[in-house]
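User: Please take a close look at one helix of this model and at what surrounds it. I am a first-year student, so kindly explain each term when it first appears.

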Amino acid sequence: MSNTVAVDCWLLSSGVSSFTSTSKLYFPANFSRKPRFGSNTIRASATTNGSSEGVIYKALLCGRRALLSMITLPLVMPCERIDNSVGAIAADESFQVREEIRKVLSKSKAAGVLRLVFHDAGTFEIDEKTGGMNGSIVYELDRPENKGLKKSLKILDKAKSQIDLVQSVSWADIIALAGAEAVSLCGGPSIPIQLGRIDSMVQDPEGKLPEESLDAISLKQCFERKGFSTQELVALSGAHTLGSKGFGNPTVFDNEYFKILMEKPWLSSGSMTSMVGLPSDRALVEDDECVGWISKYAEDQSLFFDDFKNAYTKLVDTGATWKKAL
């Protein structure tokens, strides 16, 4: 039969009639409201009162609707499946990148990697709309403030070279994710990181990082220009708990930084205690607004972890240029 579509006819039933068939329904391209009958069309037996023609006609309509439903059903629900699929792909990519980073990262290297994050992202300025988490640090390693970061970047380059064999990943993404992994590896909070940042091909402007010699007022003003509150300044400063600045175990991410700040050990006569922290660390505890947050974090490590996670996410997202969504 030309210009027809054949559909297997299963058991069809309705409140008025039902029939069974072992044959096929044929839907011509130009369907007529008046059904055709014959041995090649359908064999049916009515089980209720009413004509066989009425039964078959309703069966044809039901069958046609069933066919249309089968055709259109996949078109009704693709958005949710697509969204879930995109989310699953993104999660899988993030997992693969994390796995490669974990292969090259260790607790002893965590402080350097976290410093790399701050020096790449910390150049952002709201008014100038420059800087941010853009991977430009790879061009800025000879700057005095970035001394020692070549080693950390070299460590991450091993992971990036392996990832790039499978999928291209930006330096900005690698650095942001590596910093989060460094925190988690040392016992800090788990920080989810979105991927998709685009690397800058040029250096960021110089002189945008907060200097180590700033007092508390200058620090707050510097961070305000970057879009960060005093609370976020204090929370991010807690990253100094890692490394050799004298705030507890150098490879454990905890709230010891704040506890030691409250003690002000540098005021004692001991030669070693005078080396604790940077001048900017000590300045925080001389400011009443900062002390309010320092004391809270010294008493509540969970609060510090939550606030640090949020501030870190903001740090690595602010100023970033993102790939366009699919």
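Analyst: A residue is called buried when its relative accessible area is under 20%, exposed when it is over 50%, and partly exposed in between (1.4 Å probe, protein chains only). The model is a predicted one, in which local features need pLDDT of at least 70 and side-chain atom pairs count only at pLDDT 80 or more, while totals for chains, interfaces and linings use all residues. Residues are numbered from 1 along each chain as its sequence is written, and side-chain values use heavy atoms, with hydrogens and water left out.

The chain has 326 residues, and 42% of them are buried. It holds 11 helices and four strands (DSSP runs numbered from the N terminus: H or I of at least four residues for helices, E of at least two for strands). The part chosen here is helix 3, residues 107–121.

Helix 3 has 15 residues, which at 1.5 Å a residue should span 21 Å; its end C-alpha atoms are 22 Å apart, so the two values agree (the expected span is 1.5 Å times one less than the number of residues). The buried residues of helix 3 are Ala110, Val113, Leu114, Leu116, Val117, His119, Asp120 and Ala121. Among the elements that cover these buried residues are helix 4, helix 5 and helix 11, where contact means heavy atoms within 4.5 Å.

Helix 11, residues 301–317, can be examined in the same manner. Its 17 residues should span 24 Å at 1.5 Å a residue, and its end C-alpha atoms are 24 Å apart, which agrees. The buried residues of helix 11 include Phe304, Phe305, Phe308 and Tyr312. The buried residues of helix 11 pack against helix 3, and also against helix 5, helix 7, helix 8 and helix 10. At the N-terminal end, Asp300 caps helix 11, with a side-chain oxygen 3.1 Å from the backbone nitrogen of Ser302. Just after helix 11, Gly319 has a positive phi of about 85 degrees.

Beyond helix 3, Thr123 lies in the loop that leads to helix 4. Thr123 counts as buried because its relative accessibility is 2%. Its side chain reaches the backbone nitrogen of Gly132 at 3.2 Å. Neighbours within four places in sequence aside, Thr123 is in contact with Thr130, Gly131, Gly132, Asp204, Lys208, Leu209 and Lys226.

Ser170 occupies the loop between helix 4 and helix 5. Ser170 is buried because its relative accessible area is 10%. A polar atom of the Ser170 side chain lies 2.8 Å from the backbone oxygen of Arg197. With residues up to four places away in sequence left out, Ser170 touches Lys160, Arg197 and Asp199.

Helix 3 also borders open space. The largest pocket has a volume of about 1,200 Å³. Of its 48 lining residues, Arg115, His119, His240, Lys245 and Leu278 are the closest to its centre. Helix 3 supplies the largest share of this lining, nine residues. Helix 4, helix 6, helix 7 and helix 9 each supply at least two residues as well. His119, one of the buried residues of helix 3, is thus also among the residues closest to the centre of the largest pocket.

Methods
Polar contact = N/O pair within 3.5 Å; in protein donor to acceptor, adjacent residues only side chain to side chain. 1 Å grid on protein atoms, 1.4 Å probe; cavity = no way out; pocket = protein on both sides within 12 Å on 5 of 7 lines; lining within 4 Å. Points joined across faces, edges and corners; volume = space filled by probe spheres on them.
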